[in-house]
Amino acid sequence: MTAPGTAFWRFSLALYGRPGVADSCLKLQDEAGADVNLLLLGFWRAEQGLAPWGEAEIATLAAAIAPVNEVLRPFRVARRRLKGLAGTAPVAPDLYQADLYQQAKALELRLEELVQIRLAELTPAPAAGDLPKPDAAAAHLAAYMATLAQPAHPAAEALLAASGF
């Protein structure tokens with residue numbers, strides 16, 4: 001039996017790799033303050049047949065991952081800055097790209113995986129859902145976006161379309 005965190009991680013990697021999904025997730029992260037892992041969790045919950053989540057459940061999940069996110073966000077900023085430095089570095093530009101950037105990216109991904117393990121631990125076991133998967137995915141996404149006061153962000157619609165749900 002696969003651990004829930006591992007199953008969620010594999011699902012997320014596959015979904016994130018679909019054309020348009022990563023761009024939409026990052027746009028929602030940067031423009032609407034969305035947590036990419038919570039976006040992905042909504043789709044995983046829909047895939048698992050779970051009924052759409054409510055505002056209180058989303059708040060509980062966000063609070064549970066807040067400690068790791070407090071460490072993760074600065075790494076994300078540092079990685080993005082390192083990527084930009086590669087082209088402007090006065091000395092050893094390859095060091096920035098090949099070494100420091102890749103190390104920062106690897107650490108960021110490990111922290112993302114820790115967040116997903118925690119989210120999977122807090123997600124109920126799959127059960128028969130009340131909605132077909134496409135409707136459940138749309139309902140999860142809409143509920144999460146509403147907590148961000150961004151219910152009609154264009155990137156959310158693009159994410160839903162790109163997800164294949």
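Contact here means heavy atoms within 4.5 Å. The model is predicted, so local features need pLDDT of at least 70 and side-chain atom pairs count only at pLDDT 80 or more, while totals for chains, interfaces and linings use all residues. Residues are numbered from 1 along each chain as its sequence is written, and side-chain values use heavy atoms, with hydrogens and water left out.

The chain has 7 helices and 0 strands. Helices (H or I, at least four residues) and strands (E, at least two) are DSSP runs, numbered from the N terminus. The order along the sequence is α-α-α-α-α-α-α. Of the 165 residues in the chain, 38% are buried. Buried denotes under 20% relative accessible area, exposed over 50%, and partly exposed the range in between, with a 1.4 Å probe and protein chains only. Among contacts between residues at least 6 apart in sequence, 77% join residues at least 24 apart.

Glu 108 lies in helix α5. Its relative accessible area is 7%, so Glu 108 is buried. Leaving aside residues up to four places away in sequence, Glu 108 touches Leu 72, Arg 76 and Arg 79. Glu 108 and Arg 76 are 32 residues apart in sequence, and their C-alpha atoms are 6.5 Å apart in space. Their side chains are joined by a polar contact of 3.3 Å. A polar contact is a pair of N or O atoms within 3.5 Å; within protein, one must be able to donate a hydrogen and the other to accept it, and residues adjacent in sequence count only if both atoms are side-chain atoms.

Arg 76 itself belongs to helix α4. Arg 76 counts as buried because its relative accessibility is 13%. A second polar contact, of 3.0 Å, links the side chains of Arg 76 and Glu 112. With residues up to four places away in sequence not counted, Arg 76 touches Gln 29, Glu 108 and Glu 112.

The largest pocket holds about 420 Å³ of space. It is lined by 18 residues, of which Tyr 16, Leu 26, Glu 108, Leu 109 and Glu 112 are the closest to its centre. Two or more lining residues come from each of α1 (4–16), α2 (21–32), α3 (36–48), α4 (55–85) and α5 (93–122). Helix α5 gives the most, with 6 residues. By class, the lining divides into 8 nonpolar, 4 polar and 6 charged residues. Ala, Val, Leu, Ile, Met, Phe, Trp, Tyr, Cys and Pro count as nonpolar, Asp, Glu, Lys and Arg as charged, and the others, Gly among them, as polar. On a 1 Å grid over the protein atoms alone, a pocket is an open set of points where a 1.4 Å probe fits, with protein on both sides within 12 Å along at least five of seven lines; lining residues have an atom within 4 Å of a point. Grid points are joined across faces, edges and corners, and the volume is the space filled by probe spheres set on the points.

Helix α3 is largely enclosed by the rest of the structure, because 11 of its 13 residues are buried. Among them are Leu 41, Phe 43, Trp 44 and Arg 45. The end C-alpha atoms of α3 are 18 Å apart, which agrees with the 18 Å expected for 13 residues at 1.5 Å a residue. The expected span is 1.5 Å times one less than the number of residues. Asp 35 caps the N-terminal end of α3, with a side-chain oxygen 2.8 Å from the backbone nitrogen of Asn 37. Just after α3, Gly 49 takes a positive phi of about 85°.

Thr 123 sits in the loop between α5 and α6. Thr 123 counts as buried because its relative accessibility is 12%. Its side chain reaches the backbone oxygen of Leu 119 at 2.8 Å. Beyond residues up to four places away in sequence, Thr 123 touches Leu 41, Trp 44, Arg 45 and Leu 50.

Two other loop positions are exposed. Gly 17 lies between α1 and α2, and its relative accessibility is 61%. The C-alpha atoms of Gly 17 and Ser 163 are separated by 9.7 Å, although these positions lie 146 residues apart in the chain count. Put precisely, Gly 17 and Ser 163 are 146 residues apart along the chain. Ala 149 is found in the loop between α6 (133–147) and α7 (154–163). Ala 149 is exposed, with a relative accessible area of 60%. Its phi is positive, at about 60°, although Ala 149 is not a glycine. Most residues other than glycine have a negative phi.
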